[in-house]
Amino acid sequence: MTSERPHSPASEHDRLRREKASGDRALRRFGLLLALARGALAWETIWPAVWPVFGVLGVFLALALFGVLPALPAWLHAVILIAFLGGLGYGIWHAVRAISLPDPQAGKRRLEQDSELSHRPLTALDDRMMTGQQDPQSRALWRAHQHRTIRGLGRLKVRAPRPGLARLDPWALRGLVLLLLIVAFASSDGNVTGRLASAVAPEFSGKTALPPSLDAWINPPTYTGQAPLYLDANAAPGQEAGQRLRVPSGSVLLAQVQGGGSDVPNLKVGEALEPFEPFAQDAYRLERPLTEGDSLGIRQGGRSLADWAMEIVPDTPPQIVFESAPGRTERSALLISYQAEDDYGVVRAKAIIKRIDQPDETPLEIDLVVPGAAPKVSNARTYRDLTPHPWAGLAVEVQLVARDHPGQEGRSEVLRTVLPERIFNHPVARALVELRKQLTINPKGRLPVVQALNGLYDRPEHFFHDIVVALSIRSAERRLIYDSSDKAVTEVQQLLWDTALRIEEGELAIAERELRDAQQALIEALERGADDAEIERLMDELQSALNNFLDELAEQMREQMARGETQEGTPPPGSQMLERQDLQNMIDRARELAQSGARDAARELLSQLRDMLENLTANPYAGQMNQDMQDASRMMENLENMMREQQELLDRSFERSQRGQQQNQQGQQGQQNQQGQQGEGRSQQQGRSDNMSDARRQEELRRSLGELMRQLGDAMGDIPRPLGRAEREMRDARDALSGEQPGQAVPPQTRSLDQLQQGMQATMDRFMEMFANQPGETGEGSAPGRFGQSNPDPLGREGGGPSNVNDGVDIPDQMELQRSREIVDELRRRRGDRDRPAQELDYIDRLLKQF
């Protein structure tokens, strides 16, 4: 038998304290829930009583914002205002009578109902102990009862208010009022204050309405490039032929009528009428696209405000035709020459290529070059290297598709051609490409391809024991054996192509692909109007890719010559030599044009650069220039260097003469102290040293000119007279510099520079006559290559050569570029002024798009 140990007084005290704290928390929560329950009861009483007041106010605000009340007669306006005031007053009186706030007992009853409690247990919170207060057992029993009641408060909850508006408003008119308010506010155009003021102030003055004034204009679609057309009601054209408004289809008519009383004007297009929309008192507006009709008219109150005869000019679909059959370039790229025409310009063109042997196969689509300004008639050429494509060498059908701004399409005739394929000289590379083509024609016939690949792998001496080539061949073979998916065929074809390129050309093929990618990316960026930072980055990438390509091309040529694979002799007739500096000059010129805003000219120049590079072939005859031509080129280069050095001497002499004049003026005015005089002495000593140095340079330059004149006499038989005069002027300049008189050396140096320029032109003309019938060649330092089909002069300046790459392209000069920059800067400054009218900003945006 065990005895229960009584609780200690301390533990009993802790238990009572915890029970008291728990009870306090329950009571605080109960107080919050009771307040929420009373609030829910209050809302269920208040909202049904006041919502008619808000309904009346909502209807009044909707009518006011729509501008309905000011358009009514003054007496009717006043009557409606009185009716609204009466309804509002009655609603407030009724709401005050109907509203009654709930007491705590009602809140407790609501808590019991929401908590689904029976027998109203919350009333026990108000109970008091009437008897037995002196009996300890009775008090303990009473405390247990209270604690149990308080613990039960944790299950209490309050539900959301249920005002029961659905019963009072079965037609949901409250939603209609809210919708009217939203639409009315949106249609007020921000003139809320003015409309409310007009709605609460009926006009009893009896003033006559102002005469109507009409403003109307037509905005053609942005892509047409046409300016907005203002319609003058006082000078509206009649119905005679030739006086009709020619309106592009899709133009938008904007019209605004002010005055004329409360009569709503109407727009008449043909026989159809469309009312204007009010936006202020006695002010109406309308915006409508024009797609049909032969006349425009505006009526108000039975009067005709204006009439115009109109002709809707439809947007015709574009047309696109081949200028010549699809061909191939010297570097085996597909060349597509086409002409596209549209009334407002072509925005996109593409070529759709289908295989003839499998017409159901998904066609190949190529985006064609489209000028950025979308001219009405454009002649363009697109180059696309499709030699890596599996269809290379197969017969295909090509059709061109052009699209204009509205999305209309025009299609050309269908031409048949064979996609260009790369010609490989190495037998292994040629065999790999042939196997690749077999997989294209018959993807299921893998066994012959696998056997052929195995045979190539067993003969590594045929591809110089290149481990990379061996692994690629073995990988392609195993992939065809163990992977039966269609994806495997595509990936094996790509692997065979890359392997063939490695065997055939090594790094040159990669450099050529990077160059083409850089060209295409830059031209596309110019067409879509990319920002200056992107254009500059792509220009740098093109420059790097071009240098890499030319380096690899030159390296390949040197290797061929070292192996004895080049042929001795003279270049083919009509070949045009291309120098690296010519390409650099074209890129620099295109960069300058793009920076100045002349992006169409830059894009055209880059297109010509692409034409030249696509027709570029390795020149095995570099270094075999005719000796006379080499001598002539060297003498012209020496003459250019002399002009440059003479210009430097002239600049130095002019600067020293200016400093001398300033020092003399300061000495005459007595503004120099002793320290300044010492500084002047050092400056004069330095000036004498510079004069003697320049005098020696001038004499060396004169002697070099004399030697060059002797060489020219031996080569041409006579010496251009301007060179002799230049030599005498140099002697006079030398004497002036030796006498420490730089100011007197400036005139003869200026004259000698002018005579050198004249002598250079005369020498160049004479050389052109001497070598007119001889084929042009390039010497050392030139980029190995040829392009074009015209005979150049020995200096590379005849038509068809690099110096005339801009023929047919209207490329602006320096003055035009400067003026263009100023115009663009001014347009951008005005575009940033947000206080200008929206129509002017829109027009400036359209102008900036042209740059």
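Let's start with leucine 63, which has its place in helix α1, the helix covering residues 9-66. Bear in mind as we go that this is a predicted model. Is leucine 63 buried, exposed or something in between? With a relative accessible area of 27%, leucine 63 counts as partly exposed, because the class in between runs from 20% to 50%. If we set aside residues up to four places away in sequence, leucine 63 touches Val68, Leu69 and Phe84. There is also a long-range pairing to look at here: the C-alpha atoms of leucine 63 and alanine 184 are separated by 7.9 Å, with their positions 121 residues apart along the chain.

That brings us to the chain as a whole. How much of the contact count comes from residues far apart in sequence? Taking contacts with a separation of 6 or more, 73% are between residues 24 or more positions apart. The protein has 851 residues, and 39% of them count as buried. For those of you who like surface areas, the protein exposes about 47,500 Å², and carbon and sulfur atoms supply 51% of that. As for secondary structure, there are 22 helices and 21 strands.

Now please find the open sheet of five strands. Its order is β2-β1-β4-β8-β7, and the pairing is antiparallel. Which strands stand at the edges? They are β2, residues 229-231, and β7, residues 277-280. Each has a single partner strand, so one side of each is left without a neighbour in the sheet. From one strand to the next, the twist averages 25°.

Let's zoom in on one end of that sheet. Strand β1, residues 213-219, runs antiparallel to β2, and three bridges join the two. If you want a specific pair to click on, take tryptophan 217: its bridge partner in β2 is tyrosine 230.

My last stop is arginine 422. Where do we find it? Arginine 422 sits in the loop between β19, residues 415-418, and α9, residues 427-441. Now, is this arginine buried or exposed? Its relative accessible area is 12%, and the cut-off for buried is under 20%, so arginine 422 is buried. And which residues does arginine 422 touch? Leaving out residues up to four places away in sequence, they are Ser332, Thr387, Trp497, Leu501, Glu505 and Glu512.

So, to put our two residues side by side: leucine 63 is partly exposed at 27%, whereas arginine 422 is buried at 12%. Thanks, everyone!

Key: Residues numbered from 1 in each chain as written. Predicted model: local features only at pLDDT ≥ 70, side-chain atom pairs only at ≥ 80, totals over all residues. Heavy atoms only, no water. Pairing = 2+ DSSP bridges. Helix = DSSP H or I, 4+ residues; strand = E, 2+ residues; numbered from the N terminus. Axes fitted to C-alpha atoms, helices over the stretch in contact; angles between N-to-C directions. Buried < 20%, exposed > 50% of the residue type's maximum accessible area, 1.4 Å probe, protein only. Contact = heavy atoms within 4.5 Å. Areas by Shrake-Rupley, 256 points an atom, 1.4 Å probe, with all protein chains shown as cover.
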